[in-house]
Structures are given as structure tokens and as C-alpha cells.
Amino acid sequence: MKINRWLVFCLIIVFAILLGPFLVIFFASFEPSSTLRFPPTGFTLSWFKKVIAMPMFQKSFIFSLQLALYSSFLSLLLGVPVAYITARYNFKGKRLIELVTTLPVIIPGMVAGLALLRFFVLLNIFSVQATLLIGHTAIVLPYVVRSTLASLVNLPFSIEEAAQSLGAHPLKSFFLVVLPNIRVGIISAFIMTFITSFNNVPISLFLTGPGVSTLPIVMMTYMEYYYNPSIAALSTLLIGATLVVVLLVQKIFGISKLL
């Protein structure tokens, strides 16, 4: 069947919008001069060596990585039980729980960041690291609840009942029967929460403090004072790392099943 030319045109537009900005950043990262420009006037890898060796980027990258991992695991510990209760039981307030666990996604990030800042200032008992962990966990929690809930809804309750009728304790049937069958939803939730937390700007912008900052905030601050290709080089490295993770997930689990 012949493809309509308008469909081809729309496909080209979509690819240009989705890939165009990344290609500009990619090629600009090889610019040899000290000014970020596209197309580049030459080719050099010096900006990659520079950003890798800069302590401010090293420190913020490690902290962002730790923060994304901890907030993802914490959101799984909290979100999976909430999703299980919502999927398996009917009770008053169920709709309210579903609404509350969706709010962090609906509310604009800047509003959520300001609200969390005022909340933690009033409490005044948490360190900067703890406030960032709680804030990021709150933001990514809806992804865990929604993804796990979708897997649980598609898992027949009769399977769990059969395990319990054969003598398995409800807790044992959950770990041995339910969890293995919803692992795709949990892995998918972990990937989404990790990427969301690592790239988050609004929450981190309000909750970072002296000496504690995430990589996106450090990159934004750096760009206020310097307009050289180093940020483009760092962005290229992050894009490359993301592609490696996606390819690994695709190879091991099949990305089409997860996202």
C-alpha cells in the first residue's frame, strides 16, 4: 500500500521536533572555540575531558544518582502496598486515595516545590538531603502507584486465592505469587521514577541548599555565567548514558513491554 505523502510529511515533522534539538546539542558539543555555536567550526573532544574532570559536576552527578536511586526504592516501598490495597479492596475513601496519589503529577512542579519548601521550613527538623529525598519521593510516587495498579488490575485475583486456598499465608502468596506476576509493572515504575527524579528541576530548585545541589541545578547555574560548549558536552554524555540504559533494558526485558 502506498503511503500518503501527508503522513510522511507529519512523520518528518515529528522526527524534527523530537530529535532536532538533541542533534544540535550533540554537534555543538564538538565546537573547538569557547562559544557555543551551531554548526560547529571544527572538531574537538576537549570539552568532554573538561566536564568529566570538573569536581562540581562530579559531585552533583553522584548526588543526583544517589538521590534518584533512594527516592525510587522508597517510592516502591510505599507505592506498591498502596496500589495493592487500592486494587484488591473496596472501602470508603478509595477514590480520595487515588486522587491524592495523583496530585503530584497534576500540580505544576513549581507550585509543588514552593509548597514543599514552606512545609519543610515550618517543620525545620530535616536536613537538606532529607528534604530532597522526601520531595523527590513525593513527586515520583504516582508513577509507582499507577504502574503497579495497572499490573494488579490485569492479574486475576483467583490466582492469589488459589495459593491461599492451598495453605499459603496472604503475605507469602503476595511475595511468591503476586510480585513475580507484576514485576514488569514494578520495573517499569522504577525506570520512570529514576529518570523523573534524576532530571527533576522544580523540586530541586526550591529544596537544594548550600553545598548540596543536583546535577540539573548545577548545570543551570553554570550556564548563567558561562556560554561555552561544556554544557553541550555534558548533555551529550547524559543522552549517551540514557541510551545505553534503554538499550540494556530493551535487551534484557523488552522496552516495548515496560514503557
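## Notebook: helix contacts, pockets and a cis proline

**Entry 1, α8 against α9.** I began with a small helix pair, where Ile159, Glu160, Ala163 and Gln164 of α8 touch Pro170, Ser173, Val177 and Val178 of α9. Sorting the residues of this contact by class, I got five nonpolar, two polar and one charged. A reminder to myself before going on: this is a predicted model.

Next I looked up the geometry of the pair. Helix α8 covers residues 157–165 and helix α9 covers residues 170–181. Their axes lie 9 Å apart, and the packing angle is about 130°. That angle makes α8 oblique to α9, because roughly antiparallel would need an angle over 145 degrees. I also noted the hand of the crossing of α8 and α9, which is right-handed.

**Entry 2, the whole chain.** I stepped back to see what these helices belong to. How many helices and strands does the protein chain have? I found 14 helices and zero strands. Reading along the sequence, I therefore wrote the pattern down as α-α-α-α-α-α-α-α-α-α-α-α-α-α. For the overall extent, I boxed the C-alpha atoms along the principal axes and noted roughly 70 × 65 × 30 Å.

**Entry 3, α3 and its partners.** I looked up two contacts of α3, one with α10 and one with α7.

For α3 with α10, the axes are 8 Å apart and the angle is about 140°. These two helices are therefore oblique to each other. Their crossing is right-handed. On the α3 side I listed Phe61, Ser64, Leu65, Leu67, Ala68, Leu69, Ser71, Ser72, Phe73, Ser75, Leu76 and Val80. On the α10 side they meet Ile186, Ala189, Phe190, Thr193, Phe194, Ser197 and Phe198. By class, the contact of α3 with α10 has 13 nonpolar, six polar and no charged residues.

For α3 with α7, I first noted that helix α7 spans residues 128–153. The axes of α3 and α7 come within 6 Å and cross at roughly 40°. This pair is therefore oblique too, as angles under 35 degrees are the ones that count as roughly parallel. The crossing of α3 and α7 is right-handed. The class count for this contact is 19 nonpolar, eight polar and one charged.

**Entry 4, the largest pocket.** Then I went looking for open space. The largest pocket has a volume of about 1,000 Å³. Which of its 41 lining residues are closest to the centre? I found Phe198, Asn199, Leu238, Ala241 and Thr242 there. Phe198 was already in my notes, as one of the α10 residues that meet α3.

I then asked which elements give two or more residues to this lining. They are α1 (5–28), α2 (46–53), α3 (55–88), α10 (183–199), α12 (215–225) and α13 (230–252). The largest share, 14 residues, comes from α13. By class, I counted 37 nonpolar, four polar and no charged residues in the lining of the largest pocket.

**Entry 5, the second largest pocket.** This one holds about 200 Å³ of space. I wrote down its lining as Leu19, Phe22, Leu23, Phe26, Thr236, Ile239, Gly240 and Leu243. The elements that give two or more residues to it are α1 and α13. I had met both of these helices in the lining of the largest pocket as well. The class count for the second largest pocket is six nonpolar, two polar and no charged residues.

**Entry 6, the closed space.** I moved on to cavities. With a cut-off of 30 Å³ or more, the count comes to one cavity. The space in the largest cavity is about 30 Å³. Which residues line the largest cavity? My list reads Leu36, Met223, Tyr226, Tyr227, Asn228 and Ile231. By class, this lining has five nonpolar, one polar and no charged residues.

**Entry 7, a peptide bond to remember.** Last, I checked a proline. A cis peptide bond joins Phe38 and Pro39, with omega at about -5°. Where does Pro39 sit? I placed Pro39 in the loop between α1 and α2. Both of those helices are also among the elements that line the largest pocket.

Technical notes. Residues numbered from 1 in each chain as written. Predicted model: local features only at pLDDT ≥ 70, side-chain atom pairs only at ≥ 80, totals over all residues. Heavy atoms only, no water. 1 Å grid on protein atoms, 1.4 Å probe; cavity = no way out; pocket = protein on both sides within 12 Å on 5 of 7 lines; lining within 4 Å. Points joined across faces, edges and corners; volume = space filled by probe spheres on them. Helix = DSSP H or I, 4+ residues; strand = E, 2+ residues; numbered from the N terminus. Nonpolar A, V, L, I, M, F, W, Y, C, P; charged D, E, K, R; others polar. Axes fitted to C-alpha atoms, helices over the stretch in contact; angles between N-to-C directions. Parallel < 35°, antiparallel > 145°, perpendicular 65-115°, else oblique. Left-handed = near helix turned anticlockwise from the far one by under 90°. Contact = heavy atoms within 4.5 Å.
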